[in-house]
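This report covers two sheets, a ligand site and two unusual points of the backbone. The sequence and the model come first.

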Amino acid sequence: MHLTDHEKAMLDGAHGAAKQRAMDLLVRYGEALGAERLVETRNVAGTWNAASPALKPFAEKGFDAVFSKFNLDSDDVVETPQAEVYTCQLIHGVDTENWRVHGTPEEYVDTQRRAEEHFGRRGITMMATCTPYQVGNVPVRNEHCAWMESSAVVYCNAVLGARTNTEGRESTGAASITARIPYWGFHVPENRLGTHLVRVEHPVDDMMEWGLLGYHVGEVVQEDIPVLDGVAQAPSMIKLKHFGAAAASSGGVEMYHIPGSTPEAPTLEAAFGPRRPVEVISYGAAERRTAYENLNSSARDEDVDFVMLGCPHNSLEQVWRAARLLEGRKVHANSSLWIFTPRALKEVADRNGYTAIIREAGAHLMSDTCPAIGRMVPKGTRVVATDSAKQAHYLPSMLNVQTWFGSVEDCVEAAITGRWRGRLP
Ligand code: F3S
């Protein structure tokens, strides 16, 4: 791999032990993937979490031990240096405010608080969300990033036109202190062109429809790059958030184009460049129904124990809409409703009175984690309802629960009545 003089100096240890380990990791990683060089990045989104059972033996030795092992892949313990570039913490497993509701052991909450102080003081911005683009981390077009988290990665590439692969905890740790990441995959312009043409023949207007479309497209194209043709209405951030998360769950979609909406596809021709589509697929009434049935395939019992909204983390608009649906009503005694939003947005929701409306209805507005990442649902939960295709995809296998998928209105009604009445309109 070709390295600049500065990169060689870091690799030789001239800039300290941590950067030496980081460069060693990045070179090994890049060479394994055939990258010929590194690229400068000034935007990193990863994880510096230290509060989970697997990390406990390391956290007991101090957070430098956690950082060395899990962010640098180093058996030697090195001191955690300051981040070199803007870096944020993605979602993690502990909500330090609502941990009692989740049933999180207090020792992990304490570890999480101390870890946030340790890494926060070293420049890791504790956003604690899978949607950093909702709370100020909005890279510009063509900016080289190093991001983790599939729903964030696909949003970064497709909607923002910035460039990232799906990085890991170690590579984002190394990128944060070296400002470098291997140049391969989605950093390379020609790897960002469309592969599959998707003819959208059924109207997609609300969030649930975008989730269904994403789920179908991901299942068909897997890790390739779909180009959606026939979308009549320019989609909003919320809809794209749900589309990308769904496509990254049923498949491994990291990039897509919607001609006229996403920045690298002013036209259908531009989305494919010199390529021809390898396949043309249709999304009509039959495909929509199949996606809905697949998402609901684990669900049988109509008594709903738990309703989850906010995957990916809800925008303020979504929190406001949920609050309006809940105002003056009560969550059923046999059910629970948890809504997740980034902690920075929760502060605004608190001040706007949305949190109080949600609380008065017997529901909870939460942040920092989600049931899939925190592996937690209310005790005794057998049946879940959610408006998120991603959450409906993962919860049945992760937590052995039945999961209904539907609209946000279906989900709120299920929380209020304790019964699932959702149907495909
Ligand atoms: Fe975010 Fe958890 Fe969903 S990480 S995208 S809320 S599964």
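Axes are lines fitted to C-alpha atoms, for helices over the stretch in contact, and angles run from 0 to 180 degrees between N-to-C directions. The model described here is predicted.

With that convention, helix α9 (residues 207-221) runs at about 150 degrees to β9 and lies across β7, β8 and β9. These strands belong to an open sheet of 3 strands, ordered β8-β7-β9, with parallel pairing. At its edges stand β8 (226-229) and β9 (279-283), each of which pairs on one side only. From one strand to the next, the twist averages 25 degrees. Strand β7 (residues 196-200) is joined to β9 in the parallel sense by 5 bridges. Within that pairing, V198 has I281 in β9 as its bridge partner.

A further open sheet has 4 strands in the order β4-β3-β2-β5, again with parallel pairing. Because β4 and β5 (146-147) stand at the edges with a single partner strand each, one side of each is left without a neighbour in the sheet. Strand β2 (residues 43-46) and strand β3 (residues 86-89) run parallel and are joined by 4 bridges. On the other pairing, β3 and strand β4 (residues 124-125) are parallel over 2 bridges. Residue pairs from this sheet are listed below.

| Residue | Opposite residue | Strand of the opposite residue |
|---|---|---|
| N43 | Y86 | β3 |
| T87 | I124 | β4 |
| C88 | T125 | β4 |

The next topic is the ligand. Where does the ligand sit? It occupies the largest pocket. Around the ligand are I91, C130, E149, S151, G310, C311, P312, C370, A372, I373, K390 and Q391. By type, the residues of this shell divide into 7 nonpolar, 3 polar and 2 charged. Two helices, α16 (371-374) and α17 (389-399), each supply at least two residues of the shell.

Two residues of the shell, C311 and P312, also mark a feature of the backbone. Which kind of peptide bond joins C311 and P312? The bond is cis, with omega about -10 degrees. P312 is placed in the loop between β10 (306-309) and α13 (316-326).

A second backbone feature is found at A179, where phi is near 65 degrees, a positive value in a residue other than glycine. A179 lies in the loop between α8 (169-178) and β6 (180-182). Both features stand out because most residues other than glycine have a negative phi, and most peptide bonds are trans.

For a check against the model, the C311 and P312 bond is the cis one described here, and P312 is among the residues around the ligand. In the sheet with the order β8-β7-β9, helix α9 can be located by its position across β7, β8 and β9.

Conventions: Residues numbered from 1 in each chain as written. Predicted model: local features only at pLDDT ≥ 70, side-chain atom pairs only at ≥ 80, totals over all residues. Heavy atoms only, no water. Pairing = 2+ DSSP bridges. Near = heavy atom within 4 Å. 1 Å grid on protein atoms, 1.4 Å probe; cavity = no way out; pocket = protein on both sides within 12 Å on 5 of 7 lines; lining within 4 Å. Sits in = over half its atoms within 2 Å of the grid points. Nonpolar A, V, L, I, M, F, W, Y, C, P; charged D, E, K, R; others polar. Contact = heavy atoms within 4.5 Å.
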